[in-house]
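Student: I have a new structure to read. Could you walk me through it, one question at a time?

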Amino acid sequence: MRQSAQGSARTGAPQAGTGVPRVPPQPAAADVDRERGIAAGGGTRGEHTHSEQPITGPRPVQRASVRGQILSALRTALVTGELRPGEVYSAPALGERFGVSATPVREAMQQLALDGAVEVVPNRGFRVVERGTRELAELAEVRALIEVPVMLRLARTVPVECWAELRPLAEATVRAASSGCRATYGESDRTFHRAMLSLSGNEQLVRIADDLHRRAQWPLVGAPASRGRADLVADAAEHTALLDALIARDLDVVRALVGEHFAGAARRR
């Protein structure tokens with residue numbers, strides 16, 4: 001997936017073997033508007049006369065859907081290391097690879113810029129932010145400050161059967177870790193943590209914690225393209241151990257496991 005803005009301008013075509021998930025080709029905006037105008041019985045760009053009813057619906061949904069697919073694919077590429085720290089990527093070049101126009105790619109990249117994953121490079125595109133071990137350690141510390149007190153409170157108040165219902169999600173993280181796919185495990189990992197924190201009933205907490213968790217999954221500069229399978233499996237095993245401690249209402253073990261889970265994940269990166 002590595003591609004600089006300068007390189008993409010020279011080639012003007014997608015390279016084979018990049019491993020980037022493809023989004024099905026979408027019609028250009030002008031084509032969609034033109035077709036709407038014809039279907040409406042005249043006018044250009046979907047304009048209607050006084051005798052016509054306005055056409056509503058599909059275009060905003062389609063555009064949001066494409067943008068969402070591109071954003072999901074780019075986030076996956078970040079986690080797997082296909083979007084490499086320090087590299088610059090242009091929206092037109094990425095659009096070529098995804099089979100879409102530059103617009104939804106640019107919109108998705110702007111969302112990643114808001115997330116802090118990339119930064120805008122004027123007249124070139126977007127550079128993937130270079131992150132070091134210090135930032136990862138800081139994220140782990142912030143996550144622990146937020147989640148450890150919440151988990152201890154939930155350990156005292158949430159019925160045991162509620163924790164037992166999360167067992168399938170914990171087991172899903174183990175299966176995902178066994179696959180060795182960093183992106184697959186990352187999604188399963190966040191799903192499990194969101195489910196636990198959602199028992200607090202605090203949607204803002206869940207949203208903030210999930211954002212911190214996602215940022216903690218981005219690769220470090222100079223790090224291997226992906227964590228080893230053994231690291232993923234070790235991380236996932238802590239989920240089932242934590243559930244066992246929550247069901248047993250062993251607060252000391254819960255405190256130790258939650259704190260070690262964040263610190264250990266940072267070390268294994």
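Student: Is Glu187 buried, partly exposed or exposed?
Tutor: Buried means under 20% relative accessible area, exposed means over 50%, and partly exposed lies in between (1.4 Å probe, protein chains only). Glu187 has a relative accessible area of 38%, so Glu187 is partly exposed.

Student: What kind of model is this?
Tutor: This is a predicted model: local features need pLDDT of at least 70, side-chain atom pairs count only at pLDDT 80 or more, and totals for chains, interfaces and linings use all residues. Residues are numbered from 1 along each chain as its sequence is written, and side-chain values use heavy atoms, with hydrogens and water left out.

Student: Which residue meets Glu187 in a salt bridge at 3.1 Å, N to O?
Tutor: A salt bridge needs a side-chain nitrogen of Lys or Arg within 4 Å of a carboxyl oxygen of Asp or Glu. The partner sits 3 residues apart from Glu187 in helix α9, so about one helical turn separates the two. Helices here are DSSP runs (H or I, at least four residues), numbered from the N terminus. The partner is buried, with a relative accessible area of 5%. It is Arg190.

Student: Which residues are linked with Glu187 in a network of salt bridges?
Tutor: The pair with Arg190 belongs to this network. The other members are Arg194, Asp210 and Arg214.

Student: How far apart are the closest N and O atoms of Arg143 and Glu147?
Tutor: Both residues are buried. They are 4 residues apart in helix α6, so about one helical turn lies between them. They form a salt bridge, and the N to O distance is 3.6 Å.

Student: Are Arg127 and Glu119 buried or exposed, or in between?
Tutor: Their side chains meet in a salt bridge at 3.3 Å, N to O. Arg127 has 25% relative accessibility. Glu119 has 37%. Both values therefore count as partly exposed.

Student: How many salt bridges does a search of the whole structure find?
Tutor: The pairs above are among them. The search finds 13.

Student: Which element gives the largest share of the largest nonpolar core?
Tutor: A nonpolar core is a set of buried Ala, Val, Leu, Ile, Met, Phe, Trp, Tyr and Cys residues joined through side-chain atoms within 4.5 Å. This one has 25 residues, and Met151, Trp163, Met196 and Leu246 touch the most other members. Elements giving two or more residues include α9 (182-198) and α11 (229-248). The largest share, 7 residues, comes from α6.
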